[in-house]
Amino acid sequence: MRSMLGSGMIAYHRRFLMRDSVERSASTSRSSYEQADVRKWIHPEKLWADRVFSYWQSIIPYVGYVIRSGFGFMIALLFVAGTALYASYLERVPADFPVRWLALAILVPTLVHMTYRTFIVEADRVFFLRIAHKMQPYLRRSVRYSLIPRLLLTAVVWTVIWPIYQRVEVSPKPYLLMLIVLLVLKLVVAYGVWVERHVTDKDSLFWLDWSRKIVCVLFIWAWLWFPIPAAGLLSGVIGIVYLLGLRRVSVLTFAWDAHMEAERVHQQRIQQFLSSFVDLPAMDERRYARPWMNLLGNRYSFRQPYAYHYMLAKTIIRSEWLGIWMRLTVIGTLLITFAKDTPWNGLLLLLFLVAISAQNRTLFQLHKHDVWYQLYPLSPSAKKDAALTYSSAFHLLSALILLVPVILGSTSIMYRAAAAGIAVLIVGCTRWSRGRSKLQDEDEED
C-alpha cells in the first residue's frame, strides 16, 4: 500500500513538472513572438514593406476580373485610337491653335493634385502612438512611394503636349527646361500638400488649398506666356512666398486622423472601381453636400413604390459616383470637340459611351449589402428597377451631350446621322441587356 502511494506521488510530481515545463515553453515562445512583433514595429521600413505587400496582395486577385470584363481592351483601344488621332492631327494643326490654353488646362489638373499613401490604419494609433517619433523612416518611404509616380506622370503629360506645343508656338521653350520647371513645381506642390495634411486649423487648410491652386496656375501661366528671364523671376518670387507662408503654419508632428482619412478615401475609391467588375461585400461611401441638386431627389415622394428611387437619387447626389460620371462626360466632350471635323469623333463617342456604361453599372451595387435591405418590406425588384431607370437616364444624357460636338462638326450629314443612331442604339441595347439580366435575377430568386 505504501509503495503504491509512493509511486502515485512520483507520477503526480512528474506530471506537474511536465505541465510546468510545457507552460514555461509556451510562455517563452509567446514572449519571443511578441518581442519579434515589437521588433517589427520598431523597424518602420520593415513595417512599410509588409504593409505595401499586403495591400497589393488584396488588390491583385480582382485584377483578373477587370481584365476579363473588356476594360483592359477598351483602354488599349482608346490608347491606340488616341495616338493615331493625335499623330494625324499634328500633320494639319492650324497656326492659330490655342496651344497655351490647352497646355494650361492639362498641366494644372496634373500638377495641382497630390495624395500620399501611408497605409495607416485605426489600430496603429494604439500600437504606434508611443513610437511616433521613430516613424520618420516610414513616412519617408511613403513620400517616395507616392511622389515618384506623380513625377513620372508629369513627365509623360509634358512629353505628350510637347509635339503640338513645338509646332504651334512661335518661340517654344526648350523641352528639357520646361520639364525641369514642371518637376520643380510638382515638388513644391507635393510639399504644400504634405503641410496641408498636418495642419491643425481647418480655416488655414481652406486658404492653403486655394493658395496651392493659385500658385500652380500662376507658375504655369508665367512659363507659357512670358520669356524665360521674366518667367523665372516671376515663378521664383511666387514659389518663395508660398514656401515661406507654409513655414509659418502650425502643424502636427504626426497627423494620425488625416492619414487614416486619406487611406479610407483611397480604399473606398478602389472598392468603387472594382465593384463595377466584381461583387464586393463592403463599400463605405464618401458623401458630399450638394444642396443645389436636392431637386433631383425631391421629385420623388418618400412612399413605398418610389422608396428606392428616392434613396438612389439622394445617394447619386451625395456620392462620388456623380463626380466620376461628370468627369467622364466632360473629358469625352472635350476630346470629341478636338476631333469634331474628323471621322475619329465616332470612335471616341463609342469608347466613352462604353466607359460611361461600365461606370453606370456601379448603381446596381449601391446599398446591395445594407442590413435594412432585408428588414424593410420592399420588393427586391424595386431596387433593380430604380437602378435601371437612373442608369439609362444618365447614359442617355451622356450620349446627348457627347453628340453635340459631333453634330456641330464638319463631317457629312449621313455620318452625323449614323453617329447619332449608333449612340441611341448603344443606350437602348445597354438598357435591354441590363433589364434582361434583372429578369434573370428575379427568376433565380423565385
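**Note on helix packing and nonpolar cores**

1. In this predicted model, the axes of helix H4 (residues 99-112) and helix H7 (residues 175-198) come within 9 Å and cross at roughly 40°. H4 and H7 are therefore oblique to each other, a class left over once angles under 35 degrees (roughly parallel), over 145 (roughly antiparallel) and 65 to 115 (roughly perpendicular) are set aside.

2. Where these helices meet, Leu-107, Thr-110, Leu-111 and Val-112 of H4 contact Leu-182, Leu-185, Lys-186 and Val-189 of H7, contact being heavy atoms within 4.5 Å. The residues of this contact comprise 6 nonpolar, 1 polar and 1 charged.

3. The largest nonpolar core (buried Ala, Val, Leu, Ile, Met, Phe, Trp, Tyr and Cys residues joined through side-chain atoms within 4.5 Å; buried meaning under 20% relative accessible area, exposed over 50%, with a 1.4 Å probe and protein chains only) has 55 residues, of which Leu-107, Tyr-138, Trp-158, Ile-164 and Ile-220 touch the most other members. Its largest share, 10 residues, comes from H6.

4. Trp-158 touches Leu-107, Tyr-165, Tyr-175, Met-178, Leu-179 and Leu-182, leaving aside residues up to four places away in sequence. A separate core of 32 residues includes Leu-322, Ala-387, Ala-419 and Val-427.

5. Leu-408, which belongs to helix H16 (residues 380-408), counts as exposed at 63% relative accessibility. Its C-alpha lies 8.8 Å from that of Thr-337, with the two residues 71 apart in sequence.

6. Residues are numbered from 1 along each chain as its sequence is written, and side-chain values use heavy atoms, with hydrogens and water left out. Local features need pLDDT of at least 70 and side-chain atom pairs count only at pLDDT 80 or more, whereas totals for chains, interfaces and linings use all residues.

Notes: Axes are lines fitted to C-alpha atoms, for helices over the stretch in contact, and angles run from 0 to 180 degrees between N-to-C directions. Helices (H or I, at least four residues) and strands (E, at least two) are DSSP runs, numbered from the N terminus. Ala, Val, Leu, Ile, Met, Phe, Trp, Tyr, Cys and Pro count as nonpolar, Asp, Glu, Lys and Arg as charged, and the others, Gly among them, as polar.
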